[in-house]
Amino acid sequence: LTQALRPDRLQSQMQQFVCEILDVPTLAPPPTSLSRFYSEESAAVTPILLVTSAGADPSKELEDLAAATVGRDHYFEVAMGGGQQNRATKYLHDCAKSGEWLCLKNLHLVTSWLPFLEKEISTLKPAEGFRLWMTTEPHSNFPPILLQISVKLTFESPPGLKKNLQRTYESWDDEFIAKGSPERAQLLYVLAFFHALVQERRTYMPQGWVKFYEFSLGDLRAGTNIIDLVSKGKSIDWESVIGLMENAIYGGRVDNNYDYKVLSVYLQQYFNADILSPKRGGKAVERGFVMPRPTNVKSEYVAMIDSLPEEDIPSFFGLPLNVERSVQRAQSA
């Protein structure tokens, strides 16, 4: 009935229906970091399969977790495809024997080889500490037995600004935020908000972005490195921050002139000297964005993020309120 009379409300109706039937508050589960997942599942010797979606790459976060847990020298990864199967098999047995970590990436590229991998895994007698991580995009030919013997975790960009920010702060620990000045912690919040903004704008294609850009965790990491560099000096070189973000990191993915101008305006809006003004602490600066007071305590930023609305308002992105109707109509069709 909704599809016939109001196709621009079909998606909302379906989500509401599912939430009521399953008795859940939201379809988007709370974000969890790989480190928390590992600590809860660390006793298991079963492989962990990360099912990824476009724009979500777990390899950097996994690399950080490995460096903190077993050391970078005891973590190995093999990008599948291009005849890497023999190399992957050798690493699998070597790492199992020595109790090290192995990550096999992009298994969807070698689905015909996966039954062999499944047999190899079943014959292993791994040493303590061994961990097998695997990443794949959804694929219809993925063998069901390998799915059944693995702990499965979907790794995707969380929907909505609030969930996106929560995910980012879940991946940053207290020490990371506290190790610099309060201004650095504020800048990290600005970066996290900007990163969420450019990712969530993809929801409103083609009005938000003309096409889907894979803004990923790697871009966020590169941005944090820049924040670390510029926050060490007495004054922040905003021109360099904007230049690197615009020409190398985020702008390097954008190949449409209109989208490039939008990105440039966002950068000018959020990365400037006024944004850190003491008068701005706790007050709204731009659409939907509240600048936190100067502090480097993670819990205060998390509490602020938790107070954000669950549903995104199109005006946060500078888009008209009726843009959601056209998006839902397109998705319904």
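**A tour from strand β1 to helix α15**

Start by selecting L50, which stands opposite T135 in strand β4. The model on screen is predicted.

Widen the selection to residues 48–52, which form strand β1. Is this strand mostly covered or mostly open? It is mostly covered, with 4 of its 5 residues buried.

Next, add residues 131–136, strand β4. β1 and β4 pair in the parallel sense, over 4 bridges. Then add residues 151–155, strand β5, which also runs parallel to β1 and is joined to it by 5 bridges. To see one position along this second pairing, pick V51 and look across to T154 in β5. While side chains are displayed, keep in mind that in a regular strand they alternate between the two faces of the sheet.

Now move to helix α15, residues 323–332. Which of its residues are buried? Select V323, V327, Q328 and S332. Turn the view to look down the axis of α15: these buried residues fall within an arc of 165°, so they line one face of the helix. An α-helix has 3.6 residues a turn, so residues three or four places apart point the same way.

What do the buried residues of α15 pack against? Show α1 (2–5) and α2 (10–22), the two helices they contact.

Stay on α2 and select I21, which is found in this helix. I21 counts as exposed because its relative accessibility is 57%, above the 50% cut-off. To finish, switch to a surface view and colour F17, I21, L22, V24 and L27. Together these residues make a nonpolar surface patch of about 490 Å².

Definitions and conventions. Residues numbered from 1 in each chain as written. Predicted model: local features only at pLDDT ≥ 70, side-chain atom pairs only at ≥ 80, totals over all residues. Heavy atoms only, no water. Buried < 20%, exposed > 50% of the residue type's maximum accessible area, 1.4 Å probe, protein only. Pairing = 2+ DSSP bridges. Arc of directions from axis to C-beta. Contact = heavy atoms within 4.5 Å. Patch = residues over 30% accessible without salt bridge, like charges linked within 9 Å, V, L, I, M, F, W, Y side chains within 5 Å. Areas by Shrake-Rupley, 256 points an atom, 1.4 Å probe, with all protein chains shown as cover. Salt bridge = Lys/Arg side-chain N within 4 Å of Asp/Glu carboxyl O.
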